[in-house]
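Here is a short, friendly tour of one model. Have your viewer ready and follow along strand by strand.

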Amino acid sequence: MPSTHLSLHYHLIFSTKDREPWLSPTPRTRVHEYLGGVIRGLNGVPHTVGGTSDHVHVLAGLRATHCLADVPPPRFLPALGTITEGGQRS
């Protein structure tokens, strides 16, 4: 009996406002972990999360029942609070 396999992978890119380089290494790691958790919270698979000081790349696998609109837009990042240069929340 034939079967169908569906695999949906998305490459998402989020940028800081005006491409300002405010993601130093310590908070960058926290942002990457947070984004991976958001994808896992949607029952998706964060294959890789990475980036530089001014943008983040997310390669994620989502179920066929998801639509890309299920993924929260970048405005959810303020939940991390303001992160100072030393990587501490203020």
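How many bridges join E1 to E3? Eight bridges link this pair, and the two strands run antiparallel.

## About the model

This is a predicted model, in which local features need pLDDT of at least 70, side-chain atom pairs count only at pLDDT 80 or more, and totals for chains, interfaces and linings use all residues. Residues are numbered from 1 along each chain as its sequence is written, and side-chain values use heavy atoms, with hydrogens and water left out.

## The sheet

Three strands (DSSP runs of E, at least two residues, numbered from the N terminus) make an open sheet in the order E1-E3-E2, with antiparallel pairing. Pairing here requires at least two DSSP bridges between two strands. Strand E1 (8-15) and strand E2 (45-51) are the edge strands, each pairing on one side only. From one strand to the next, the twist averages 15°.

## Around E3

Strand E3 (residues 55-62) pairs with E2 in the antiparallel sense over six bridges, and these two form a hairpin with three residues between them. Ala 60 in E3 has Tyr 10 opposite and also Pro 46 opposite, while Gly 61 in E3 faces Val 45. E3 is mostly covered, with six of its eight residues buried (under 20% relative accessible area, 1.4 Å probe, protein chains only).

## The helix

Helix H1 (residues 25-41) packs on the sheet and touches E1, E2 and E3, where contact means heavy atoms within 4.5 Å. A helix is a DSSP run of H or I with at least four residues. The direction of H1 makes about 160° with that of E2; axes are lines fitted to C-alpha atoms, for helices over the stretch in contact, and angles run from 0 to 180 degrees between N-to-C directions.

Notes. Buried means under 20% relative accessible area, exposed over 50%, partly exposed in between (1.4 Å probe, protein chains only).
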